[in-house]
Amino acid sequence: MLHLTKRFLPLLATALLAALGAGCEAAPEKQGTRTPPVRTREAGVPLGLPGMPPLLDPRDVYAADRPGRLSPVVRDFPSRVYVPNTNSNTVSVIDPATYKVVETIPVGVQPQHVVPSWDLRTLWVNNNRGHTLTPIDPATGIAGRPVDVHDPYNLYFTPNGRHAVVMASMDRELVFRDPHTMRTLKTTPVTCYGVNHADFSADGRYFIVSCEFSGELLKVDTESMEVIGQQKLPFGGAMPQDVKLSPDGRTFYIADMVADGMWVLDGDRFTTPNLLPTGKGCHGLYVSRDSREMYVTNRGEGSVSVFDFAQDRLTKKWRLPNGGSPDMGGVSADGRVLWLSGRYHSEVYAIDTTTGEQLARVPVGSGPHGLAVYPQPGRYSLGHTGVFR
């Protein structure tokens, strides 16, 4: 691990700004369970994870995700929706302009999520039971040679781009790997069951992980790659799913499919969270392009709840005509369309983010799950179906 003196930190920040067009420091982390002390500059400004690009706006972790703000890396990529069909062992590729499947790509056994790499250049298909990752070139849509990775249910990247983090759900491990070759660098066993989703703090120094099958949350130190906090959710049979950080970096939201709502967590303090009911089978969480709202999928009732961050409450509920099973997805680059997989209906939904109107239902393979809308705005990817900063 490279250790930099305070004298060289300004040079590092300058280099990152030139490379990524950033402009502000990361938000500080408060005291967490066994979290190492926060390093500070001479001026007293807290520092984020070493090597992490500074936030564009310390008040909004999603400031780089505004409509049309595409990185030069992805600007010429064709706009597509990549849908992993868990039961069909394929990825359906949808042209969002026509709502038509334009290609079906064979992949490994039980693909769960399509994950953009930290550097935005590769889409990784997580073949959970095939124990491989299939790389797809988003410039050409061509799949490459699969890479052997055991139990890759989900995949994330640390905010500094130094590690890929494989959520090995059945192995009960967090596996830190080289983000390009996927070579194992460190394996961290966990005592909970079903690690599956995560998100990072604003300063990148820790991340919160949901454990689906034991109803628990983990807090993991990004640098040490060790679990520094663990708690059981206060709901019998809790089944936490997607995790998302609020724009101001103060709050984590964790969808819960059995509790039928979102857990609201102070990640720094890691105290017991509160439950906000949203709808039956609460599952996926997606922030709007203006950082004002979050779209919450309720898979068990075929609806999407809309949460307003400033008002700190649910303001709307959109119900899919004729029902459905909205699961995972993402927001279009212009912010106008929310794309969601219909997990139990072999279809994908396109929803107008202004009106909540269903624009299309696109037939795909069996068991569509963690679809990725690509490209999207942002400087780098934290993984999953596309969490960009």
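**Entry: Asp 268**

I started at Asp 268, which sits in the loop between strand S19 (261–265) and strand S20 (274–277). I note for the record that the model is predicted. Is Asp 268 buried or exposed? I read a relative accessible area of 12%. Asp 268 therefore counts as buried, since the cut-off is under 20%.

Next I looked for a partner to the side chain. I found a polar contact from the Asp 268 side chain to the side chain of Tyr 206, at 2.7 Å. I also checked Asp 268 against Gly 249. The two are 19 residues apart in sequence. Their C-alpha atoms lie 9.9 Å apart in space.

**Entry: Gln 241**

I moved to Gln 241. Strand S17, residues 240–245, holds this residue. Its relative accessible area is 1%, so I logged Gln 241 as buried.

What does the side chain of Gln 241 make a polar contact with? I found the side chain of Glu 212, at 3.3 Å. I then listed what Gln 241 touches, leaving out residues up to four places away in sequence. Glu 212 is on that list, along with Asn 196, His 197 and Ser 210. So are Ile 254, Ala 255 and Met 257. Cys 282 and His 283 complete the list.

**Entry: cavities**

I turned to empty space. Rolling a probe the size of a water molecule over the atoms shows where such space is left. How many cavities of 30 Å³ or more does a search of the whole structure find? I got 2. The largest has a volume of about 190 Å³.

I went through the lining of the largest cavity, which comes to 19 residues. Nearest its centre lie Asp 65, Val 287, Arg 289, Gln 376 and Gly 386. Which elements give two or more residues to this lining? I noted strand S21 (282–287) and strand S25 (326–331). By residue class, I wrote down 7 nonpolar, 8 polar and 4 charged for the lining of the largest cavity.

**Entry: whole chain**

I closed with the totals. The chain has 389 residues, and 60% of them are buried. I logged 1 helix and 29 strands. For contacts with a separation of 6 or more, I noted that 49% join residues 24 or more positions apart. The exposed area of the chain is about 14,900 Å². Carbon and sulfur atoms supply 52% of that area.

Technical notes. Residues numbered from 1 in each chain as written. Predicted model: local features only at pLDDT ≥ 70, side-chain atom pairs only at ≥ 80, totals over all residues. Heavy atoms only, no water. 1 Å grid on protein atoms, 1.4 Å probe; cavity = no way out; pocket = protein on both sides within 12 Å on 5 of 7 lines; lining within 4 Å. Points joined across faces, edges and corners; volume = space filled by probe spheres on them. Helix = DSSP H or I, 4+ residues; strand = E, 2+ residues; numbered from the N terminus. Nonpolar A, V, L, I, M, F, W, Y, C, P; charged D, E, K, R; others polar. Buried < 20%, exposed > 50% of the residue type's maximum accessible area, 1.4 Å probe, protein only. Contact = heavy atoms within 4.5 Å. Areas by Shrake-Rupley, 256 points an atom, 1.4 Å probe, with all protein chains shown as cover. Polar contact = N/O pair within 3.5 Å; in protein donor to acceptor, adjacent residues only side chain to side chain.
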